[in-house]
Amino acid sequence: MTVEFTRSEAPYLTPSVNVADMMLQVLLALVPAILAHMWYFGPGILFNLVVAAIFCVAGEAFMMRARGRDPMLALSDYSALVTAALLAFALPSLTPWWVTATGALFGVVVAKHLYGGIGFNVFNPAMAGYVVILVAFPMQMNLWVAPSMGDIDYIRPSLAQTLVYTLTGNLPEALSFDAVSRATPLDAMQSGLRNLQTYAEIRANPMMGDFGGRGWEWIGNFVAIGGCWLLLRKIIRWQIPTGVFLGLLVPAGILYFADPSTHASPGFHLFSGATILCAFFIATDPVSAATSPKGRFIYGLGIGLLIFVIRRWGAYADGVAFAVLLMNMATPAIDYLTRPHIVGHARKQNTP
Amino acid sequence: MSAPTYDLGKLHGGMRLPANKLASTHDPIRKMPLPAQLILPIAQHVGDPALPIVAIGEQVLKGQLIAEPGGKLSAPVHASSSGTIVAIEPWPVSRRYGDKAPCIVIDCDGEDRAIASVTDQPAWESLSANELLARILQGGIVGLGGAVFPTAQKLMQALSCELKYLILNGVECEPYISCDDMLMREYSAEVLGGARILMHALGLDLCYVVVESDKPQALRRLGEQLALLGDARIVLKQVPTIYPSGGEDQLVQLVTNLEVPSGGLPTDVGCLVQNVGTAAAIYDWIVQGKPLLSRITTVTGDGVVHPMNVEARIGTLVADIVRFAGGYTEHARQLIIGGPMTGKAMSTDLVPLVKASNCVLVLSATPSIGAKSPCIRCGDCAAVCPVQLLPQQLYRYSCADDEKKLRLHGLTDCIECGCCDLVCPSHIPLTAEFRVAKARIREQADEKARAERARFRFEARNQRMETEQRAREQQLAQQRDTARQAGPAEIAAILQRKQQQQDGD
């Protein structure tokens, strides 16, 4: 019997992983946090998610076609959905659709595809999109509904009201923004400290929880659960999260212990804003992050430090997006300078 | 029995792969009957091909030298059985993926008559290193782990180095392959005997026999044999089952915690590594006078009916070996000589078994995993790279054809183990990419060297012409000076000379 043999190159075993699976697991890891977000802030994030997903996918499909490629090639890896999910997480629960759409389109069309699509984007698409709307729609981006903590006088927009706001940008008369919106804990902390209130005074506000803001800190916990699962699944590695936490908490800790009245505690920094989301989900975007193991740690460290600097002395209450984008720019240099020791080469300390 | 020891150095990365070895280790090694024809490639080793010294029509005996070493780095070829030389012609060979290379073809007479062996050899213990090396060269012994480096030359090089350890490589880390495992189970005395000969030749007092933890029977047999032998200089070492710990440099690192320098050899850190099969072959030749005429090979994969280990004559067609193992199953689509990570896919099964062929792997079609997508720089490849390279960066610079960056990131240190391919979520054939990039760099280097030589010639020529020009000018100037300083008598003489020249024309 003669057998026709196919000739290919070693290795002949096949990989059991693929990009789509990785992205799906990232999305799955966000589910607990999405549920927690809905519990505290209402269904707004769902609408944001849907709007962001529609425009990310449409933007990607359009750009793939414009670049003369099959849109399914890009869409089948679900990376556009991950971008949409991260963007939706960054937005206030009440966000008009055109704001979300602007961010989604800028992230996918400009930050991702104009740089060559997945694998070639210099900047994190979700954060690039977020920064654009933060600058373009400052008013909408600062209206955060207060988290529900079972207070008696708490008013929360219903599902229908949220939908109407998402579609029109208007709330019914009875629900004025003054009634539903609150400063975020990070806003309160930043302006409080600038108005020479002590940390303890600011913390006395009932919106503050055990460490960060009430509600916020619990969402943080659920984000961390998803993040730890990704670590266990080896979808992400420990270097970046550890770097982010150390970069933020070490300087925050030093200043706090030097003068606890004028500086927020490390616990507050950890459980406020998007710190935990950044550490596990945003900074860990492999395409725009540094790629050598040591480089990733330094990259994370830089992000953490920049978050701290922006929160403490910057113009924005949270600095995650700017910190990530700034460190994105530094990745080529970081990768060049942190090449690992190649087995068989002289150790660096041995060379002059 | 001697228990194996475990204290080990560290190896970066590596992978736990599904072993797939059980199918071929059920039964003992099966001896394959003599085939009707033997095809013996004259290049079965690294270095220069051997030179045939037989003529077509000549009768040869088993063990007779039919091609002698063809250069400084070379090995001889012996007739694996008795018969008639019927052709010396190009034939498909595994080294060239089934393309043709010169081979000596023997029609066996089936009598398997051996050449009279030299029986009055003195015992190996009384031979000097040089005498042993000369004998090993004559035996046509080459590294049987797959690299097929002529053993005598390897030992010769090692003798010029300061050695500390002999390491016998019984790791056999690639999936499917089990020929060394079976060899250690059934020929443990030969393996350890070979180790002692090597230690004697090299003047060494320490030999590690290193075996992976997934070969408990081999470890037990070696341990029992070692206890019988009572040689305290030989230490059995068990290493975890991680691919590619059986790579020569990786094994040295694992056993001694020393890194073999880039571009260097294990002897640079005092180690000489030999495959267990090579050690057994040395014992067979030196002690029993049997040159390397056969080897154990694993016939396995889901494309073979009865996976097994067979001992077959060098020169047996792979098609015959598969037939001996029950033939192909209906799934058979790929024929690989070697393992699934580093082996070579053949276009035909009419290639002969050579000294390097440790495995005949027949696999079904590779499952379709979709086209490759862009690298997302996840870094999983860097996590498994045993040399601690950054394959994601190498790939980027390879696409950009940036030779300088490729060198900086250690492309030439890549051992092509294939681990990065297996973890790549984008399904990029990284190893194949790096092979091409390496070849390109080599070409560019050659090109550069050629250009350098041409430039050198050009400059030398320019300089030569310049010197000549200057000499000519100097001469002319001198003549002018003499003419200027000349008195009437000299002028008359010059004029007369000119006149005579004109008359002569």
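Two residues count as in contact if their C-beta atoms, placed from the backbone, lie within 7 Å. This is a predicted model, where local features need pLDDT of at least 70, side-chain atom pairs count only at pLDDT 80 or more, and totals for chains, interfaces and linings use all residues. Residues are numbered from 1 along each chain as its sequence is written, while chains are lettered from A and ligands numbered from 1 in the order in which they are written.

**View 1. Helix 1 of chain A covers residues 19-41.** Helices (H or I, at least four residues) and strands (E, at least two) are DSSP runs, numbered from the N terminus. The end C-alpha atoms of this helix are 32 Å apart, which agrees with the 33 Å expected for 23 residues at 1.5 Å a residue (1.5 Å times one less than the number of residues). Right after the helix comes A:Gly42, with a positive phi near 85 degrees.

**View 2. Here's what helix 1 of chain A packs against.** Its buried residues (20 or more other C-beta atoms within 10 Å of their own, C-beta atoms being placed from the backbone) include A:Met22, A:Leu30 and A:Phe41. The buried residues pack against helix 2 (44-66), helix 4 (79-90), strand 1 (144-145), helix 12 (216-232) and helix 15 (275-282) of chain A.

**View 3. Strand 5 of chain B (residues 65-68) pairs with strand 3 (residues 51-52) of chain B.** Pairing takes at least two DSSP bridges, and these antiparallel strands have two. B:Pro52 has B:Ala67 as its bridge partner. Strand 5 also pairs antiparallel with strand 6 (residues 77-78) of chain B, where B:Leu65 stands opposite B:His78.

Terms used. Buried ≥ 20, exposed ≤ 12 C-beta atoms within 10 Å, placed from the backbone.
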